[in-house]
Amino acid sequence: PQQLPSLLLTVNDENAHPVPAALLQLQGPAALRCVTDYAGRCLFHAPAGSYRLVVNKEGFYTLNLNDLRFGQVSHLDVTLAHVQEVKESVNVVASTQQIDPAQLANTQSVDAQEIIDVPYPTTRDIREILPFIPGVVRDNAGQAHVAGGAPYETLDTLDGFNIAHPVTGTLDLRFSSDAVRAIDVQESRYSAEFGRASAGVVDFATGMGDDRLRFSATNFIPSVQTKKGFGLDKWTPRATLSGPMKKGKAWFLLAPDGEYDTNVIKDLPNGADRSPLWRVSNLAKAQVNLTPSNILAGSFLYNHLHADYVGLSLFQPKETTTNQVHGAYLATIKDQQYFSNGMLFELGAAMNHYSDDVLPLGTLPYVVTPDLPRGNFFESTRGDSRRIEAISNLYLPPRHLAGRHEIRVGFDLDRLDDTQYINRNP
């Protein structure tokens, strides 16, 4: 019998990154379906003729190609663009929600468009949107509970790296919501790679620049307050800047954000009635395609928070309060190598560091009286915690035998360090 023409389709995103588990449909003299492998490839065999190609994947815009001449081309590269907020004259719609053939775990997801559209209470804190995902609730401290578990029973990851606090296991890192491309929450049936999680997994995927320079800014006008006079109340600016370092080869993303709160206590005298707080963070990312099949990416996330006179109130005078300084950073690097047979090998490393200081305003003895406490708070503390993480994964080409089978092997090595200093005065 005559052999049918073949067509090898390769699906990449706007950064030339292969898109696995995308659904491709050919409509024409024959109707065919295919799911891309880890290298973003699909191989079709069909009678020659004119076909319509439809490419779908959740979190991406649908791609339609008409009049695809089967038998005249043997290889075709297509680009699938991530869903994102756009301000242009062209209307675009996201792919319709379909069953993801690669989704074996019980997973709930939100994408970038939903993060922008959903009116969650505090948009400067990406953790505020988590309760809008089924199976997640937040406690009074702002920590997320997945499937009824404690915060430390949940594995929190950012672009595949563990970002939970090395000691407490809580989600304390802050990063701009404008930089987040998708959030996936897995409650059950998740892969063995997440074996350290007993309640669930929360994975944040951040974006990357493309071949166009893009800039956005939000909340750059501060609010004012009239308590005890007219003055600044809150200021919560954030911005994103992304674009090419070299078109078609290297891109960057910068996503700084900040917060300033005045915190005026009305019942205290002037000069001792304010407890200001300021916070800054910045996520910086870069990706370089060393070759079409070798992708190197790195990121650096920085957090810093400074709060003066914490606990100031009518019953806690200024001199008995503390100043608190909290800092953190996450540095990551990951290299991915794609092979022509659909195999993927990745190797990555990360360092996550937290510092927490609680400092009294002096060294006077702390005295509890029938009226109010006097002197300076009796305890100063300093904590340093660090995680060094190394990951490696090998994705083997999918196998088809009574269904589609995907095999993945790898390791995740962590080293944790924690140092605590406590000094007590009378």
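Glu 14 is buried in this predicted model, with a relative accessible area of 16%. The cut-off for calling a residue buried is under 20%. Its partner is Arg 181: the two side chains meet in a salt bridge, N to O, at 4.0 Å. Arg 181 has a relative accessibility of 18%, so Arg 181 counts as buried as well.

Where do Arg 181 and Glu 14 lie in the chain? Arg 181 is in strand β13, which covers residues 180-188. Glu 14 is in the loop between β1 (6-12) and β2 (23-27). The two are 167 residues apart in sequence, so the pair ties together distant stretches of it.

As background, side chains of opposite charge can pair when their charged atoms come close. How many salt bridges does a search of the whole structure find? The count is 22. I will go through two others.

Next is Arg 138 with Glu 128. In this salt bridge the closest N and O atoms are 3.0 Å apart. The pair links distant parts of the chain, 10 residues apart. Arg 138 sits in strand β9, residues 136-138, while Glu 128 sits in the loop between α1 (112-117) and β9. Is each of them buried or partly exposed? Glu 128, at 18% relative accessibility, counts as buried. Arg 138, at 23%, counts as partly exposed, because partly exposed begins where buried ends, at 20%.

The other one is Asp 257 with Arg 279. Their side chains form a salt bridge of 3.5 Å, N to O. Asp 257 belongs to strand β20 (residues 250-261) and Arg 279 to strand β21 (residues 277-291), with their positions 22 residues apart in the numbering. Both Asp 257 and Arg 279 are buried.

This pair is also part of something wider. Which residues are linked with Asp 257 and Arg 279 in a network of salt bridges? They are Asp 125, Arg 127, Arg 174 and Glu 259.

Please keep Arg 127 in mind for the last topic, cavities. The structure holds two cavities of 30 Å³ or more. I will describe the second largest, which has a volume of about 60 Å³. Arg 127, from the salt-bridge network, is one of the residues that line this cavity. The lining also includes Leu 130, Gly 142, Gln 143, Ala 144 and Pro 151. Thr 154, Asp 156 and Leu 171 complete the list.

What kinds of residue make up the lining of the second largest cavity? Four are nonpolar, three are polar and two are charged.

Key
Residues are numbered from 1 along each chain as its sequence is written. This is a predicted model: local features need pLDDT of at least 70, side-chain atom pairs count only at pLDDT 80 or more; totals for chains, interfaces and linings use all residues. Side-chain values use heavy atoms; hydrogens and water are left out. Helices (H or I, at least four residues) and strands (E, at least two) are DSSP runs, numbered from the N terminus. Buried means under 20% relative accessible area, exposed over 50%, partly exposed in between (1.4 Å probe, protein chains only). On a 1 Å grid over the protein atoms alone, a cavity is a set of points where a 1.4 Å probe fits but cannot get out, and a pocket is an open set with protein on both sides within 12 Å along at least five of seven lines; lining residues have an atom within 4 Å of a point. Grid points are joined across faces, edges and corners, and a volume is the space filled by probe spheres set on the points. Ala, Val, Leu, Ile, Met, Phe, Trp, Tyr, Cys and Pro count as nonpolar, Asp, Glu, Lys and Arg as charged, and the others, Gly among them, as polar.
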